[in-house]
Amino acid sequence: MARIDKINEEVKRELAAVIRELKDARIPTMTSVVAVNVTNDLRYAKAYISVMGDEETQKKALAGLKSAAGFVRREIGRRVKLRYAPEFIFELDHSIEHGAHIEELLRKSGL
């Protein structure tokens, strides 16, 4: 496993913990970190977030995460020993939601 892959996994794990600790009403408890991609220079990290709920809930959660980005960055910098704490870019990921939809379709069709 490459060094950057290890960093991605560690940042993902710690980011999930930090998000669970956030006390923002816009961020539901069913918010998951699907993946994190940290750039090679460790300056930026794109975090793919899955939020269970309707589109409005997802938008509010993303807004809550963006407003907490500075806090999240400081916490990750404190918890993960890196030269730089990356600046986070949050994006919605619909893969879990899509998988649940496909599973529902398969269940209905009797497969």
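Me: What does the secondary structure of the chain come to?
Reply: The chain has 4 helices and 3 strands. Helices (H or I, at least four residues) and strands (E, at least two) are DSSP runs, numbered from the N terminus. Along the sequence the pattern reads α-β-β-α-α-β-α. This is a predicted model, in which local features need pLDDT of at least 70, side-chain atom pairs count only at pLDDT 80 or more, and totals for chains, interfaces and linings use all residues. Residues are numbered from 1 along each chain as its sequence is written, and side-chain values use heavy atoms, with hydrogens and water left out.

Me: What makes the span of helix H1 close to the expected one?
Reply: The expected span of a helix is 1.5 Å times one less than its number of residues. H1, residues 3-21, has 19 residues and reaches 27 Å from its first C-alpha to its last, close to the 27 Å expected. Helix H4, residues 95-109, has 15 residues and reaches 21 Å, close to the 21 Å expected.

Me: Which residues of H1 are buried, and what covers them?
Reply: Buried means under 20% relative accessible area, exposed over 50%, and partly exposed in between (1.4 Å probe, protein chains only). In H1 the buried residues are Ile7, Asn8, Val11, Glu14, Leu15, Ala16, Ala17, Val18 and Ile19. Their cover includes strands S1 (31-38), S2 (44-51) and S3 (87-92), as well as helices H2 (55-67) and H3 (69-79). In the chain as a whole, buried residues make up 33% of the 111 residues.

Me: Why is the pair of phenylalanine 88 and phenylalanine 90 called stacked or tilted?
Reply: A search of the whole structure finds 1 aromatic pair. The ring centres of phenylalanine 88 and phenylalanine 90 are 5.9 Å apart and the planes are at 15 degrees, so this pair is stacked. Rings of Phe, Tyr and Trp (its six-membered ring) pair if their centres lie within 6.5 Å; planes under 30 degrees apart count as stacked, over 60 as edge-to-face and the rest as tilted.

Me: Are those two rings' residues, phenylalanine 88 and phenylalanine 90, buried or exposed?
Reply: Phenylalanine 88 is buried, because its relative accessible area is 7%. Phenylalanine 90, at 5%, also counts as buried.

Me: Is glutamate 56 buried or partly exposed, and where is it found?
Reply: Glutamate 56 is found in helix H2. Its relative accessibility is 46%, so glutamate 56 counts as partly exposed. Glutamate 56 and asparagine 8 are 48 residues apart in sequence and 29 Å apart in space, C-alpha to C-alpha.

Me: Why is methionine 52 called partly exposed?
Reply: Methionine 52 has a relative accessible area of 40%, so it is partly exposed. Methionine 52 is found in the loop between S2 and H2.

Me: What is notable about the phi of leucine 42?
Reply: Most residues other than glycine have a negative phi, and most peptide bonds are trans. Leucine 42 has a positive phi of about 65 degrees although it is not a glycine. Leucine 42 lies in the loop between S1 and S2. At a relative accessible area of 6%, leucine 42 is buried. Glycine 110, just after H4, takes a positive phi of about 85 degrees.

Me: What share of the contacts with a separation of 6 or more is between residues 24 or more positions apart?
Reply: That share is 67%, where contact means heavy atoms within 4.5 Å.
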